[in-house]
Amino acid sequence: YKLSVAPEMDIMEYCRKEWRGSTPAAKRMRKGYEAVAQKFASIRRVRGDNYCALRATLFQALSQATQLPSWLQSEDFAMLPENLLRKYDWIKQWQLKQKLGRKMGEISDEIKEYVILLRKKWKNISEIKDPIEKQEACDKLFKNEEEEYSLYEALKFLMLNTAIKLYNDDKNGRRVPVFSWLLFARDTSSDPCQLMHNHLNHIGHSGGLEQVEMFLLAYALQYTIQVYRLYKYSTDEFITLYPNDPEEDWPVVTLITEDDRHYNIPVRMCQETIL
């Protein structure tokens, strides 16, 4: 299997290799990378298919996981697919990744398998104390395509679950974050059913995550996703947080993007940053 997340490389060396020219864009990218290099020493390239936002976020979350998030600990977590399907018949049209050589089971069983796998992997990796061992366990997981893609299905399903909650909260007059209005203000996702058909079903196949879906992913995981958006260097959007008013107790993962489509991950925080 090829590793979905490449070995680390010096961040400025990577930048010099990728952005040699003297165009304004190349200069801006180099400045952006220099700014990231103040905080992080290395970069790991993430495989560039339509899963890369999910892959980069999950890899970073697992690499630094020291405990199981509370939402993964809940008793009824594994029952989520069953419970949602009982309420919303349209979820039967969830687009499952096709597994080779095996017939599709009941959709709720398939997804249940994925969410249980997510909990198991998160638990195992978070219990590893030694940082080198933890990194090796992450690398191993992201070399196993069967498991890796199953985890993305689980993440997409959690995003759907979060979208349904937000949609219902809004309908019932509860306060919802601003991105939730934006999510459902699109012609293509005016409700969770449309969101599933026109967006979530396509993630990984024919499209990646749009900006507003980065917010949804952050809410689903209860993580703050901090992104260095290099092409926005020297604007106030250079470092963007999803969500932009994060909960204080949410852990933070950091990603790098040159274009809001493909994401890589910075690693090895520089010493003075940690202090």
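Reader: What relative accessible area does Trp181 have?
Author: Quick heads-up: this is a predicted model, where local features need pLDDT of at least 70 and side-chain atom pairs count only at pLDDT 80 or more, while totals for chains, interfaces and linings use all residues. Residues are numbered from 1 along each chain as its sequence is written, and side-chain values use heavy atoms, with hydrogens and water left out. Accessible areas come from the Shrake-Rupley method with a 1.4 Å probe, and for residues only the protein chains shown count as cover; buried means under 20% relative accessible area, exposed over 50%, and partly exposed in between. Trp181 counts as partly exposed because its relative accessible area is 49%.

Reader: Which residues make the nonpolar surface patch of about 330 Å²?
Author: A patch takes residues with over 30% relative accessible area and no salt bridge, joining nonpolar side chains (Val, Leu, Ile, Met, Phe, Trp, Tyr) within 5 Å and like charges within 9 Å. Trp181 sits in helix H9, residues 178–185 (helices are DSSP runs of H or I with at least four residues, strands are E runs of at least two, numbered from the N terminus). The patch is made by Val178, Trp181 and Leu182.

Reader: And which residues form the negative patch?
Author: Asp and Glu count as negative, Lys and Arg as positive, with His and the chain ends not counted; each charge is placed at CG of Asp, CD of Glu, NZ of Lys or CZ of Arg. One member, Glu247, lies in the loop between strand S4 (239–242) and strand S5 (252–257), and counts as partly exposed because its relative accessibility is 42%. The full patch is Asp245, Glu247, Glu248 and Asp249.

Reader: How many residues of helix H11 are buried?
Author: H11 covers residues 211–221 and is mostly covered. Among the buried ones are Glu213, Phe215 and Tyr219, and the helix is followed by Gln222, whose phi is positive, near 55°. The buried count is 10 of its 11 residues.

Reader: What does Gln60 touch, leaving out residues up to four places away in sequence?
Author: Gln60 is part of helix H3, residues 52–63, and counts as buried because its relative accessibility is 5%. With contact meaning heavy atoms within 4.5 Å, Gln60 touches Val253, Thr254, Leu255, Ile265, Pro266 and Val267.

Reader: Which residue does Arg186 pair with in a salt bridge?
Author: A salt bridge is a side-chain nitrogen of Lys or Arg within 4 Å of a carboxyl oxygen of Asp or Glu. The closest N and O atoms of Arg186 and its partner are 2.9 Å apart, and that partner is Glu210. Arg186 lies in the loop between H9 and helix H10 (192–198) and Glu210 in the loop between H10 and H11, so the pair ties together parts 24 residues apart in sequence. Arg186 counts as buried because its relative accessibility is 15%, whereas 40% makes the partner partly exposed, and that partner is Glu210.

Reader: How far apart are the closest N and O atoms of Arg45 and Glu18?
Author: Both ends are partly exposed, since Arg45 has a relative accessible area of 40% and Glu18 has a relative accessibility of 34%. They form a salt bridge, with the closest N and O atoms 3.3 Å apart.

Reader: How many salt bridges does a search of the whole structure find?
Author: Asp259 and Arg261 make one at 3.9 Å, N to O. Salt bridges that share partners also join Arg229, Lys232, Glu237 and Asp260 into one network. Across the whole structure, the search finds 18.

Conventions:
Buried means under 20% relative accessible area, exposed over 50%, partly exposed in between (1.4 Å probe, protein chains only).
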